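This report describes how the chains of a predicted model meet. The account begins with symmetry and then turns to the interface.

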2 protein chains.
Amino acid sequence: MIEHTVSFTLKHPAGSAEEKDFIESLRDITNMPGVQNFRINRQVSSKGPFAFQISMWFDTQAELDAYDASKAHVDYVHERWIPEVTEWQTLDFVEI
Amino acid sequence: MIEHTVSFTLKHPAGSAEEKDFIESLRDITNMPGVQNFRINRQVSSKGPFAFQISMWFDTQAELDAYDASKAHVDYVHERWIPEVTEWQTLDFVEI
């Protein structure tokens, strides 16, 4: 199993309708092939950057790669992510 | 529930005995009060910084704060973390 995470900050003001709409749009990722245990988190440590994080699990790196290259994912990145996210960081984890 | 994560990179060479010893030393955190579902992960995305991550869960922010302030944790930070870790990032997550 591999955990795929992306921490990010939105250009929208905290508590705005635009912020809420973006967060809700992320839930469509739940339905993409291979995605398991999808979560949307608020980042709450004052020590760390980023306001939000998404976390999802895949059985294999190949399934994560297929998700990353899928039309649905690429379209989402262009239509919503790039216009509305100001900074982000991708980290993927495999338990030791 | 709150997930406490710290991503980090060691000063030790990959695959060295010193790296292995540090990773094993982290398993003591499992026994600290309040810590649940402790995991040690390798960070495997080429898009992201950091070589490793630890993840643990607490029932409440108060339990996380108590862990952070505990003598066992403070001693560990001074004796192992600061001497052996070159960079790190703390991110804590609460599901929306």
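In this predicted model, a turn of 180° with a shift of 0.0 Å along the axis lays chain A on chain B with an RMSD of 0.0 Å. The two copies are thus related as by a two-fold rotation axis. Both copies use the same surface, since 100% of the contact residues of chain A recur in chain B.

Chain A contributes 28 residues to the contact and chain B contributes 28 residues. About 2400 Å² is buried between the two chains, and carbon and sulfur atoms give 55% of that area. On the side of chain A, the residues that lose the most area to chain B are Arg39(A), Phe93(A) and Ile96(A), which together account for 24% of what that side buries.

Polar interactions also cross the interface. There are four salt bridges between chain A and chain B, including one between the side chains of Asp68(A) and Lys47(B) at 3.5 Å, N to O. In addition, 14 residue pairs are in polar contact across the interface.

The following elements of chain A each supply at least two residues of the side that touches chain B.

| Element of chain A | Residues |
|---|---|
| Strand S1 | 2-10 |
| Strand S2 | 36-43 |
| Strand S3 | 52-58 |
| Helix H2 | 61-69 |
| Strand S4 | 85-95 |

S4(A) gives the most to this side, with seven residues. By class, the side of chain A that touches chain B comprises 11 nonpolar, nine polar and eight charged residues.

Strand pairing also links the chains. S2(A) and strand S4 of chain B run antiparallel and are joined by three bridges. Within S4(B), Val94(B) is the bridge partner of Arg42(A).

Key. Residues numbered from 1 in each chain as written. Chains lettered and ligands numbered in written order. Predicted model: local features only at pLDDT ≥ 70, side-chain atom pairs only at ≥ 80, totals over all residues. Heavy atoms only, no water. Least-squares fit on C-alpha atoms with pLDDT ≥ 70 in both. Contact = heavy atoms within 4.5 Å. Buried area = accessible area lost by both parts, 1.4 Å probe. Polar contact = N/O pair within 3.5 Å; in protein donor to acceptor, adjacent residues only side chain to side chain. Helix = DSSP H or I, 4+ residues; strand = E, 2+ residues; numbered from the N terminus. Nonpolar A, V, L, I, M, F, W, Y, C, P; charged D, E, K, R; others polar. Pairing = 2+ DSSP bridges.
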